[in-house]
Amino acid sequence: LKMFWFWLYLPLHLLMATSLCHSIKAPSTRYQQSFNTDLFNFYHSLILADGKETTVHLLKDIPKRYYFVLEEGRVLAPFSITVTPCDVPIEWSILVYKSPPGFPGKATPGDHDTQEVSKSQKVPSIVSTIFNYKGNSVETYMGMSSHSALYLLEFLSTERDTHITVYLTTDTTSGHLYPELPMDPRLDVIGVGHTTVTLAWKHSPSVLQHRESIQYCLLVNEKHNYKSLCAAETAIRSSGMKLPATLALSLSPYLLEPQQVMILSNSELSIINKVSSGEVRQVCVGTRNTYTVPNLSPSTQYYFDVFIVNLLTNASAAYTGTFARTLEEPEPKVTELKDGKVIHVVLDGKKQKFYSLQYRARHKKIHFTFLLCRGQIRVHITRNGKTVASENLSGLRYLSLKGKLLDTYLVQLRSTEESNSSVKVQASPHFHKPLFPLLPESLKIKSFSKLRTCRSVTIAWLGTQEESKYCVYRKKIEEDQIWGELQSADRCSGPESRHKSEKVLCKYFYDLNLQRAVTTETIKGLEAGTFYLFDVYLFGPSGIPVRYHSKVVKTRKKC
């Protein structure tokens with residue numbers, strides 16, 4: 001129907017535009033100048049749809065225009081226009097072109113024949129700008145329209161190519177496309193920690209009316225706040241990601257790109273986008289109006305935005321964003337290392353924190369010894385604030401460093417995996433008196449399948465060129481315990497915690513030829529078809545034990 005009225009009055013408006021060019025002075029603004037110039041190009045212009053959100057793509061420095069007219073017979077009808085920039089600031093304006101009722105050439109109600117008006121006839125006409133805006137905020141204009149008026153919307157981007165969304169509606173009584181914001185749309189920061197920020201916001205009236213189809217979505221990033229959801233999605237895409245336009249709303253797992261990580265925790269679905277400017281997190285929290293953002297970095301400024309989203313229409317409205325800086329991480333406690341003393345350090349993999357040891361040198365040459373007991377650990381050593389060593393630990397590691405008397409060494413240890421890790425550390429100026437035993441090339445225990453019987457198992461392990469004591473222990477386990485036993489094994493733990501009945505034997509051996517430094521042992525008296533966990537402990541001259549990698553063997557069921 002709107003199309004019908006537009007084409008019906010198009011010749012009339014063209015005629016009015018011609019008369020206008022002769023009867024009034026050209027407006028001073030750029031929008032009005034371009035409006036007067038292009039009034040004759042209606043046939044190549046676009047009509048703005050009523051009641052539908054329209055996506056408009058803008059090329060840099062090229063204005064784009066949309067027109068709309070109202071249905072005949074609707075005098076002083078209300079209407080609203082909402083424009084949402086999805087990237088850079090834009091310029092947009094609304095111009096109205098109307099003529100007084102009863103001017104020559106306008107058909108009066110009841111006339112069925114259109115009067116012919118000469119193009120040279122001057123018609124009293126009015127063109128005026130009723131709204132203009134420049135920026136990247138979401139703006140809504142509400143006004144009253146007459147059927148005798150033609151409206152022009154002009155959009156311009158002067159920075160770069162971009163896109164916006166435009167929503168025109170003349171139905172102001174049957175609800176809104178966009179969810180409603182509360183009277184106070186600000187986010188409140190109610191708590192800040194080292195790695196968390198707690199936010200709260202006032203409920204949207206839409207939540208009370210349409211609880212099933214409305215939810216809050218939170219966006220966290222380290223760059224700046226976003227004034228609309230489409231602006232946030234555009235920023236993520238421009239960082240090199242192929243982000244689907246509805247990702248933040250649907251959070252569908254099959255839409256994830258390789259640069260995205262999805263986390264499901266406590267019934268909350270989070271998507272973390274790995275972009276060049278840092279992480280961008282998207283979390284939808286249902287209809288709750290408080291949320292604690294976890295796993296943040298200490299001493300880092302974050303920007304928080306909350307969007308109220310209509311899941312049925314994908315339309316959204318943005319709360320006023322806020323920002324907060326997480327607290328600085330407290331200085332780690334420093335443990336003093338003493339000459340020759342061994343310290344056993346257990347590291348929490350989940351917290352990923354450094355454990356610090358300090359050593360004051362009383363000699364020019366210092367020897368650090370690290371025995372990795374469990375997991376994966378990275379060591380970082382500084383001397384008087386300057387890095388002298390940094391590497392991942394493996395097995396037994398000796399580091400010899402040369403400096404000056406009274407140099408201060410800081411040893412920092414960190415687990416590189418999520419499970420707990422542990423290591424034994426020693427600092428000493430006397431390398432010729434090591435407390436740890438000399439280790440073989442491999443700490444693996446080998447079993448021989450062909451020598452396995454229903455009642456016995458044969459195992460072998462490597463030795464060294466140094467005469468040492470080796471003790472063998474066995475433990476009967478169930479099949480579902482195997483993984484847990486192997487994961488919890490600590491290579492630095494001694495046999496003192498083992499039950500006496502688990503001890504099989506102890507023996508001494510060595511060989512100057514490392515290729516022959518191998519020993520075997522047959523453990524008898526076992527049960528048929530049973531899983532056994534075997535451990536070998538190596539004791540050096542100081543008595544400090546090192547545990548080989550545990551080995552699980554199942555005896556034969558039938559022999």
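Start with the open sheet of four strands in this predicted model. Its order is β21-β28-β23-β26, and the pairing is antiparallel. Colour the four strands in that order to follow the sheet across.

Next, select residues 342-347, which form β21, and residues 396-402, which form β26. These two strands stand at the edges. Each has a single partner strand, so one side of each lacks a neighbour in the sheet. Now look at how the strands turn against one another: the twist averages 20° from one strand to the next.

Stay with β21 and add residues 421-428, strand β28. The two strands run antiparallel and are joined over six bridges. For one residue pair, show leucine 347 and serine 421. Serine 421, in β28, is the bridge partner of leucine 347.

Now move to residues 77-85, strand β4. Is this strand mostly covered or mostly open? Strand β4 is mostly covered, with eight of its nine residues buried. Buried here means under 20% relative accessible area.

Which strands pair with β4? One is β7, residues 139-145. β4 and β7 pair in the antiparallel sense over seven bridges. Select threonine 82 and threonine 140 to see one point of this pairing: threonine 140, in β7, stands opposite threonine 82.

Then select residues 162-169, strand β9. β9 also pairs with β4 in the antiparallel sense, over six bridges. Show valine 83 with valine 166: valine 166, in β9, is the bridge partner of valine 83.

Finally, turn on side chains. In a regular strand they alternate between the two faces of the sheet.

Definitions and conventions: Residues numbered from 1 in each chain as written. Predicted model: local features only at pLDDT ≥ 70, side-chain atom pairs only at ≥ 80, totals over all residues. Heavy atoms only, no water. Pairing = 2+ DSSP bridges. Axes fitted to C-alpha atoms, helices over the stretch in contact; angles between N-to-C directions. Buried < 20%, exposed > 50% of the residue type's maximum accessible area, 1.4 Å probe, protein only.
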